[in-house]
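Student: Please take me through this model, beginning with the charged side chains and how they pair.

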Amino acid sequence: EFRNETESSSINWRFGVNYNLHLNQKKSLKFGIRLSEINYNNTKLYGIILNPIKNENFDLSYKQLFIEIPSMISFNIGSSKLKYFAEIGFSNYIYLATKTKEYTKRKINPALNYLNISFNISIGLKYMTTNSVGFYLQPIFRQHIIPLYNERIKEFPYNYGVELGLRQSL
C-alpha cells in the first residue's frame, strides 16, 4: 500500500520481432523476442530523511531494461481484409540493467529478481493490405506473477498500453 501511494507510472517501450505459427484459420501461436524498458517514478518517499536540518526527502526514477520473450495463443475472427483477434499468454523477462536517476547522492540497490514472468491478455484489430502484409493495433495488459524484488514488501508490476506494428507472412 505504501508503494502505491509513493510511486507513479511512466512511459514504457518495447521493440522486437514476433513469429506467428498458424495452426489453422482461427488459431495461431505467437513467439518473440523484445528489448523492453519498464519505468516508474517515486516522488514521495517520505520517512527517509537525508538531511534532518533541511528536512529533505528524495525522488527516484527507475528504468529497468529486460529481454522479453512472449509466448501467446491468438484467436482470429473474420476472413476479410479487416480481422479481429484476441491473445492470451505469458512473457518471460530476463533482467539486463537498471538506470536510476537520483536527485540526491544516496544509493539504493534492491534485491531484484533476474528472471520474471508476466501474464498477458490483449484484443486487437489487423488490416491486411495484401495477402501477406498487414498492420495491427492492439491494447494489451501485462501482470507480473513473480515479485520484482526479493523484499519483505512484495511488488508485482503491471502495465497496459497499445501495441502497433506491421506483420509480414513468410
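Student: What does R14 form a salt bridge with, and how far apart are the closest N and O atoms?

Tutor: R14 forms a salt bridge with E68, and the closest N and O atoms of the two are 2.8 Å apart. A salt bridge here is a side-chain nitrogen of Lys or Arg within 4 Å of a carboxyl oxygen of Asp or Glu. R14 lies in strand 2 and E68 in strand 4, so the pair ties together parts that are 54 residues apart in sequence. Strands (E, at least two residues) and helices (H or I, at least four) are DSSP runs numbered from the N terminus.

Student: Before I lean on those distances, what kind of model is this?

Tutor: It is a predicted model, in which local features need pLDDT of at least 70 and side-chain atom pairs count only at pLDDT 80 or more, while totals for chains, interfaces and linings use all residues. Residues are numbered from 1 along each chain as its sequence is written, and side-chain values use heavy atoms, with hydrogens and water left out.

Student: OK, back to that pair: is E68 buried or exposed?

Tutor: E68 is buried, with a relative accessible area of 0%, whereas R14, at 21%, counts as partly exposed. Buried means under 20% relative accessible area, exposed over 50%, and partly exposed in between, with a 1.4 Å probe and protein chains only.

Student: Which other side chain meets E68 in a salt bridge?

Tutor: R142 does, with an N to O distance of 3.7 Å. Because R142 is in strand 7 (residues 133-144) and E68 in strand 4, this pair ties together parts of the chain that are 74 residues apart in sequence. R142 is itself buried, at 3% relative accessible area. Through shared partners, the salt bridges join R14, R34, E68, R142 and E163 into one network.

Student: And how many salt bridges does a search of the whole structure find?

Tutor: The search finds seven. One of them is between the side chains of E87 and K30, at 3.0 Å from N to O, and that pair links strand 5 with strand 3 across 57 residues of sequence. Both partners count as buried, E87 with a relative accessible area of 2% and K30 with 2%.

Student: Does anything polar but uncharged come in? Which side chain has a polar contact with S91?

Tutor: The side chain of S91 is joined to that of E68 by a polar contact of 2.9 Å, meaning a pair of N or O atoms within 3.5 Å, where within protein one must be able to donate a hydrogen and the other to accept it, and where residues adjacent in sequence count only if both atoms are side-chain atoms. S91 sits in strand 5 and is buried at 0% relative accessible area. Leaving aside neighbours within four places in sequence, S91 is in contact (heavy atoms within 4.5 Å) with E68, I69, P70, N116, I117, S118 and N120.

Student: Changing topic, which residues make up the largest nonpolar core?

Tutor: The nine residues are I38, Y40, Y62, F66, Y93, Y95, L112, L148 and Y149. Strand 3 (27-45), strand 4 (58-77) and strand 5 (82-102) each give two or more residues to this core. Such a core is a set of buried Ala, Val, Leu, Ile, Met, Phe, Trp, Tyr and Cys residues joined through side-chain atoms within 4.5 Å. As for F66, setting aside residues up to four places away in sequence, its contacts include I38, Y93, Y95 and L148.

Student: And on the outside, which residues make the nonpolar surface patch?

Tutor: F75, I88, I121, F141, Y158 and Y160 make a patch of about 620 Å². Y160, which lies in strand 8 (residues 158-168), counts as exposed at 65% relative accessibility.

Student: Last one: how many helices and strands are in the chain?

Tutor: The chain has one helix and eight strands, running α-β-β-β-β-β-β-β-β from the N terminus on. Of its 170 residues, 32% count as buried. Among contacts between residues at least 6 apart in sequence, 64% join residues at least 24 apart.

Key
Patches are made of residues with over 30% relative accessible area and no salt bridge: like charges are joined within 9 Å, nonpolar side chains (Val, Leu, Ile, Met, Phe, Trp, Tyr) within 5 Å. Accessible areas come from the Shrake-Rupley method with a 1.4 Å probe; for residues, only the protein chains shown count as cover.
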